[in-house]
Amino acid sequence: MEKPTLPKGTRDFGPVQMNRRLKLLDTIRSVFRTYGFQPLETPAMENLSTLTGKYGEEGDQLLFRILNSGDFLKDANQEALTNGDFKKVSASISEKGLRYDLTVPFARYVVMNQHELAMPFRRYQIQPVWRADRPQKGRYREFYQCDADAVGTDSLICEAEIVQMIHLAFTKLGVKDFKIRINHRGILSALAAMAGAEGKEGQFFVALDKLDKIGTEKVLGELAERGISGPQTQKVMELIIAKPGNAVDLFNKLQEIFNDEGKRGINDLKEVYRLLGDHAGSGSLVFDLSLARGLSYYTGCIFEVTISNVAVGSVCGGGRYDNLTMAFGSKEKLSGVGISFGIDRIYDALEELGLFGTDDHYGTRVLICHFDERTRDFAFGLVTQLRSAGIACEVYPDVAKLKKQLDYANRRGLPFVLIVGEEEMTSGKLTLKDLRSGTQQTLPVELIAQTIG
RNA sequence: GUGAAUGUAGCUCAGUAGGUUAGAGCAUCAGAUUGUGAUUCUGAGGGUCGCGGGUUCGAGUCCCGUCUUUCACCCCA
């Protein structure tokens with residue numbers, strides 16, 4: 001018998017982790033709900049035709065494909081097989097795949113239900129996604145995304161709301177030191193044009209995005225390797241690294257030198273900043289010309305959130321996409337904008353920062369201990385009573401030594417035990433022990449719930 | 001997908017230039033203690049040394065392959 005193992009890049013979540021994850025998810029869910037997003041779930045698997053071509057070539061390679069059921073060899077493309085054309089072979093034996101993100105399935109859903117939905121449609125979605133990536137720190141093959149998207153409106157109110165939601169979520173989670181970086185696809189295009197990267201925008205973006213990681217010199221070096229160099233490139237780089245204190249001043253300056261695409265970007269950002277004003281969230285917002293992340297489908301504002309002093313990469317990302325629904329044959333152009341929280345990385349970050357409290361209101365609050373069958377039966381009545389008062393509690397199911405019962409409560413990390421013996425039964429006053437402080441007191445039943453709740 | 005490192009008890013790790021029966025701490029279980037845990041004492045259980053092959057009289061130790069985990073690149077939550 002082989003030792004059981006998990007597939008690469010996947011994990012089990014035990015009770016301690018799950019309680020924390022649930023807390024995290026509940027926090028984000030409550031933020032989404034207060035901003036008026038409605039819940040949606042879609043299947044883990046989609047038709048491959050829905051997924052391919054939406055994430056660029058890299059993305060297509062990272063899709064988990066599902067082998068057709070039955071005798072898939074029967075329908076395999078024999079010609080491709082003999083020629084060693086793996087792409088064609090793959091297409092002939094696999095027609096479904098696991099979802100790579102939540103945005104594309106959402107766009108598919110919107111197009112399929114366009115006439116039933118009240119536009120603009122705002123939905124949130126919390127489900128796992130899968131990527132056939134090589135795992136490393138903060139990178140898994142199965143992980144959860146928490147998405148909130150709004151489609152059917154161009155209003156930049158949505159972008160402003162995204163900033164506010166991010167701010168609210170991280171504040172609620174106890175994270176103080178985080179940055180919401182914002183940029184715009186139009187601005188990036190303008191920069192690329194000015195730098196002489198026509199037709200090489202993608203390569204320009206990839207190199208530019210590494211700026212804070214590898215520095216100006218290396219970025220210029222990488223650009224040169226790809227044939228993007230010269231005085232204009234140098235000039236654009238100087239523009240990017242210059243960081244005046246005031247974002248609005250920078251907007252005005254850039255507006256004079258940008259092309260139309262760039263001006264559109266500046267106008268969008270100005271509007272987002274104006275809407276946010278002094279509201280919560282504006283303080284953590286950072287306009288960053290080097291932010292060039294972005295799935296191939298973003299067309300407007302783009303966002304990314306990082307937590308300072310934690311090396312887990314970006315914990316949240318998103319942006320506006322204008323053409324995604326058209327990729328599914330929608331005649332109407334539906335603009336959408338959304339954000340995705342990566343809770344696996346947020347979990348890792350919170351753990352690294354020690355932000356998970358020890359007080360865990362998700363689990364059992366109290367274990368009822370006893371000494372023999374008579375007191376155990378009494379304890380069972382008690383547990384029923386406490387539960388109807390909304391207290392999460394348990395009775396130790398076996399007759400056992402008190403030491404064993406306390407050990408059990410201790411191992412479980414329970415905050416309280418209630419000890420029921422002959423004395424307690426006759427007096428009606430119960431012994432409540434606080435396992436964290438080691439103190440105990442005797443209380444009438446009626447007061448137990450409010451003391452430990 | 002490319003390049004590197006790692007793997008010994010449930011956990012953290014020792015293990016000497018290949019040499020008898022592979023060790024420690026913590027954890028677990030039982031008992032000192034028939035109404036008090038996280039502190040003390042005593043004892044017990046627990047290891048195909050990741051897996052497969054090779055070199056050797058002999059491999060935890062050397063070589064090859066493979067898997068896992070980790071790190072960098074690519075890209076990303």
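**Figure 1. Glutamate 304, a buried residue in strand 9.** In this predicted model, glutamate 304 has a relative accessible area of just 5%, so the residue counts as buried, the cut-off being under 20%. Its strand, number 9, covers residues 301-307. Look past the neighbours within four places in sequence and you find glutamate 304 in contact with Lys179, Ile180, Arg181, Leu291, Arg293, Ser314, Cys316 and Gly317. Aspartate 147 makes a handy landmark: 157 residues away in sequence from glutamate 304, with a C-alpha to C-alpha distance of 13 Å.

**Figure 2. Threonine 103 and the residues around it.** Threonine 103 belongs to helix 6, which takes in residues 103-112. Buried or exposed? With a relative accessible area of 8%, threonine 103 is buried. Its contacts, leaving aside neighbours within four places in sequence, are Asp147, Asp149, Tyr297, Tyr321 and Leu324.

**Figure 3. The nonpolar cores, with a look at phenylalanine 204.** The largest nonpolar core counts 97 residues, and Phe170, Phe204, Phe287 and Phe341 are the ones with the most contacts inside it. Helix 7 (residues 157-172) puts in the largest share of this core, eight residues. Zoom in on phenylalanine 204 and, beyond its neighbours within four places in sequence, you meet Leu188, Leu191, Ala192, Ala195, Ala197, Leu223, Ile228 and Val236 in contact with it. There is also a second, separate core, made of 19 residues, with Ile391, Val395, Phe416 and Val445 among them. As a general backdrop, nonpolar side chains tend to be buried together in soluble globular proteins.

**Figure 4. Helix 10 against helix 11.** Helix 10 (residues 211-225) and helix 11 (residues 231-241) have axes that come within 11 Å and cross at roughly 170°. That angle is over 145 degrees, so the pair is roughly antiparallel. On the helix 10 side, the contact uses Leu211, Thr216, Val219, Leu220 and Leu223; helix 11 answers with Thr233, Gln234, Met237, Ile240 and Ile241. Sorted by class, the contact of helix 10 with helix 11 has seven nonpolar residues, three polar ones and no charged ones.

**Figure 5. Helix 8 packing on helix 13.** Here helix 8 (residues 185-194) meets helix 13 (residues 260-276), with axes 7 Å apart and an angle of about 145°. The crossing of the two, helix 8 and helix 13, is left-handed. Helix 8 brings Gly186, Ile187, Ser189 and Ala190 to the contact, while helix 13 brings Glu261, Gly262, Arg264, Gly265, Ile266 and Leu269. How do these residues divide by class, and how many are charged? Four are nonpolar, four polar and two charged.

**Figure 6. Helix 8 again, now with helix 9.** Helix 9 (residues 201-209) packs on helix 8 at an angle of about 105°, the axes being 10 Å apart. That makes the two helices roughly perpendicular, because the angle falls in the range of 65 to 115 degrees. Arg185, Leu188, Ser189, Leu191 and Ala192 of helix 8 touch Glu201, Phe204, Phe205 and Leu208 of helix 9. The classes in the contact of helix 8 with helix 9 come out as six nonpolar, one polar and two charged. Phe204 will be familiar from the core view: it is one of the residues with the most contacts inside the largest nonpolar core.

**Figure 7. Helix 14, largely enclosed by the rest of the structure.** Why call helix 14 (residues 343-352) largely enclosed? Because seven of its ten residues are buried. Those buried residues are Ile343, Asp344, Ile346, Tyr347, Asp348, Ala349 and Leu350. Their cover includes helix 1 (15-34), strand 6 (142-151), helix 7, strand 9 and strand 11 (336-342). Just after helix 14, look for glycine 354, which takes a positive phi of about 65°.

**Figure 8. Lysine 253 on helix 12, and the chain as a whole.** Lysine 253 lies in helix 12 (residues 247-257). Its relative accessibility is 46%, so lysine 253 counts as partly exposed. Glutamine 38 is 215 residues from lysine 253 in sequence and 40 Å from it in space, C-alpha to C-alpha. Zooming out, chain A has 18 helices and 16 strands, and its C-alpha trace spans about 90 × 65 × 45 Å along the principal axes. Of the 453 residues in chain A, 48% count as buried. Among contacts in chain A with a separation of 6 or more, 68% join residues 24 or more positions apart.

Notes: Residues are numbered from 1 along each chain as its sequence is written. Chains are lettered from A and ligands numbered from 1 in the order in which they are written. This is a predicted model: local features need pLDDT of at least 70, side-chain atom pairs count only at pLDDT 80 or more; totals for chains, interfaces and linings use all residues. Side-chain values use heavy atoms; hydrogens and water are left out. Helices (H or I, at least four residues) and strands (E, at least two) are DSSP runs, numbered from the N terminus. Buried means under 20% relative accessible area, exposed over 50%, partly exposed in between (1.4 Å probe, protein chains only). Contact means heavy atoms within 4.5 Å. A nonpolar core is a set of buried Ala, Val, Leu, Ile, Met, Phe, Trp, Tyr and Cys residues joined through side-chain atoms within 4.5 Å. Axes are lines fitted to C-alpha atoms, for helices over the stretch in contact, and angles run from 0 to 180 degrees between N-to-C directions. Angles under 35 degrees count as roughly parallel, over 145 as roughly antiparallel, 65 to 115 as roughly perpendicular and the rest as oblique. Ala, Val, Leu, Ile, Met, Phe, Trp, Tyr, Cys and Pro count as nonpolar, Asp, Glu, Lys and Arg as charged, and the others, Gly among them, as polar. A crossing is left-handed if the near helix is turned anticlockwise from the far one by less than a right angle, and right-handed if clockwise.
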